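The following exercises concern a predicted model. Please work through each task before reading its solution.

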Amino acid sequence: MMDENTKLYIKNHLNDDVFQLALDNKRTDIDIQLALRQISGYQILKRKVPAWTEFDNLLYPVHLSLEQCSSENTAKFKAKVITDLFSDKEYTLLDMTCGFGVDAYYISQNASSAILIEKDKELSEITRHNFEFFNRHAEVINCDAEEFLKTNSNKYDIVFIDPARRGKNGEKVVLLENCTPNISLLIPEIKKITNYLAIKLSPMFDIKQLLSQLHCVKSIYSIGVDNECKEIFVIIDFCTTDSNTKIVAVNISESDNEISIMQSDFFEEASIESVYPSDFGKYLYEPYASFLKSGLYKTIANRYDANKIDVNSHLYTSNEIIKNFPGRKFEIVDIVEFNKKEAKQFFKKYEKANITVRNFPITADNLRNNYKVKNGGDNYVFATTIFPSKRVLINCKKI
C-alpha cells in the first residue's frame, strides 16, 4: 500500500525531472523509490499512452516494462484489426503475455471475456490492480504461457501473444525460435484452443522469413508511427486454405491521427514490371519506413503512379506532384553524378544539409565528414543510385 505522504509527493512532482528529484531528496517520511518509479512511469505513459494518465490510481512497473509496451496508437490499430475479424461482434480473448496490459486494454474493449497471462508476479499484480480501476472485466493470471497451455482446456475466439525479443544476455533476437516464449513450439498447442492467433513482433523481423516459418497466415501488418516502423503484426487463421497472405503497410500520424494504408500481396508485387524514367522527374519521394518494411516496392510505384529510380534504391520520382504519396515529398533542385570533382563542387553549394543514403556505398556520416557538411537546414540531399546503376547526389526542398 502507498501511504498518503508518498501519494502527495508524487502528485506534487509528476512533471519534475526524476534524476534531479533523486539527487535532491532528503525526506524520510516517504517511500522515495516507489515515488520516483511512479513519477517516471507517469511521464513515460503520458508520451506513449496519454489516455491512461487520466486515471489517478494507476501503479507503474519497472522502466523496461513501460518502454517495451505498445503505444496507444498502435494498440488501438491492432484492436481494430481484431474487431474487424469478428465484424464488430464480441469475442473471447486470451492474452498469453500481457505485460503492462496496454494491448490487452484496447483489444479487450470488444471482448465478452478476457484472460490475461503474465509470468512476472509483480507485473501481474500491477496489471490486475490497474484493470480494476479501468473497470474492465479481465482475469489476470500469474503463470507462464507454457504452463497455462498444459492445464487449460477452454477455447477462445482469439489468442494474442507478444513474446519477449531479448536473448539471455539482453541482445535483440529476430527469429521466432529465439523469442520467449518460443512461438514455434507453442503454435501446435495454441491451435487446439483457437481459430485465430495474433502475434506482435519487432520491426526487425523479416516478413518473407516469417511467411516461410508460419502457416495459415491471413495477414501481416507493418505498422509505423510518424515514419518510424514500430512493429510487425501477424494474424493467423488456422482454418484458412488461402495461401495468398495479405500484406498491409500502415503509417499513423500522431499530430493529426491520419492513417495511411496500402494493402497488397507478394503475388501482385511479383507480377509488376518496373518502369525506370529516361529523364528524372521534378519530384522525389521517400516512402514511410513501414511501407518500405512491407517489401512492396513495385506496388508502391504502381499504386501511386510514380517511377522507381532503380531496382534497389526504393526512391521514386514523377513530373507531377503526387499529393497522396505515402511518405516524404520533395521538389528536386539539383542533381549531379557522384565523382570526386562533382561531389566537391556540389557540397560547396550545400554546406548545411540533411543527408540520406539509399543504395549507396558511402554512409551519410562519412559524406558529412569527407565534405565538411553540417547537419540540418532546408537542404535535403539524397545520395543514391539511379537506373542504370549510376550514382548521384540529389538536392531537394521538402514539400
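**Exercise 1. Determine the handedness of the crossing of H1 and H3, and describe the contact between these helices.**

Step 1. The crossing in which H1 passes H3 is right-handed.

Step 2. The geometry comes next. Helix H1 (residues 4–12) packs against H3 at an angle of about 35 degrees, and the two axes are 9 Å apart.

Step 3. On the H1 side the contact is made by Thr-6, Tyr-9 and Ile-10, which meet Ile-32, Ala-35, Gln-38 and Ile-39 of H3. Of the residues in this contact of H1 with H3, five are nonpolar, two are polar and none is charged.

**Exercise 2. Establish whether Gln-38 is buried or exposed, and list its contacts beyond its neighbours within four places in sequence.**

Step 1. Gln-38 belongs to helix H3 (residues 32–48).

Step 2. The relative accessible area of Gln-38 is 5%. Buried means under 20%, so Gln-38 is buried.

Step 3. With neighbours within four places in sequence left aside, Gln-38 is in contact with Met-2, Ile-10, Leu-58, Leu-59 and Tyr-60. Ile-10 is also one of the H1 residues that meet H3.

**Exercise 3. Give the strand order of the open sheet of nine strands and identify its edge strands.**

Step 1. The order is S3-S2-S1-S4-S5-S7-S6-S8-S9, and the pairing is mixed.

Step 2. Strand S3 (139–142) and strand S9 (259–264) each pair on one side only and are therefore the edge strands. From one strand to the next, the twist averages 15 degrees.

Step 3. Within the sheet, strand S6 (residues 217–225) and strand S8 (residues 246–252) pair in the parallel sense over seven bridges. Ser-222 stands opposite Ala-249 in S8.

Step 4. Helices also meet these strands. Helix H7 (residues 121–133) packs on the sheet and touches strand S2 (111–118) and S3, with a direction at about 170 degrees to that of S3. Helix H9 (residues 183–190) lies across strand S4 (158–161), strand S5 (196–201) and S7, and runs at about 160 degrees to S5.

**Exercise 4. Explain which parts of the chain the salt bridge of Lys-78 and Glu-231 ties together.**

Step 1. Side chains of opposite charge can pair when their charged atoms come close.

Step 2. In the salt bridge of Lys-78 and Glu-231, the distance from N to O is 2.6 Å. Lys-78 lies in helix H5 (residues 72–85) and Glu-231 in strand S7 (residues 228–237), so the pair ties together parts that are 153 residues apart in sequence.

Step 3. Lys-78 and Glu-231 are both buried. They belong to a network of salt bridges that also links Asp-103, Asp-162 and Lys-200. The count for the model comes to 19 salt bridges.

**Exercise 5. Classify the exposure of Glu-147 and Lys-150, and then of Glu-286 and Arg-358.**

Step 1. Glu-147 and Lys-150 form a salt bridge, with the closest N and O atoms 3.3 Å apart. Both lie in helix H8 (residues 145–151), three residues apart, about one turn of the helix.

Step 2. Exposed means over 50%. Lys-150, with a relative accessible area of 64%, is therefore exposed, whereas Glu-147, at 38%, is partly exposed.

Step 3. Glu-286 forms a salt bridge with Arg-358, the closest N and O atoms being 3.0 Å apart. This pair links distant parts of the chain, with Glu-286 in strand S10 (residues 283–287) and Arg-358 in strand S14 (residues 352–358), 72 residues apart.

Step 4. Glu-286 has 6% relative accessibility and so counts as buried. Arg-358 has 24% relative accessibility and so counts as partly exposed.

Definitions and conventions. Residues numbered from 1 in each chain as written. Predicted model: local features only at pLDDT ≥ 70, side-chain atom pairs only at ≥ 80, totals over all residues. Heavy atoms only, no water. Helix = DSSP H or I, 4+ residues; strand = E, 2+ residues; numbered from the N terminus. Buried < 20%, exposed > 50% of the residue type's maximum accessible area, 1.4 Å probe, protein only. Contact = heavy atoms within 4.5 Å. Salt bridge = Lys/Arg side-chain N within 4 Å of Asp/Glu carboxyl O. Axes fitted to C-alpha atoms, helices over the stretch in contact; angles between N-to-C directions. Left-handed = near helix turned anticlockwise from the far one by under 90°. Nonpolar A, V, L, I, M, F, W, Y, C, P; charged D, E, K, R; others polar. Pairing = 2+ DSSP bridges.
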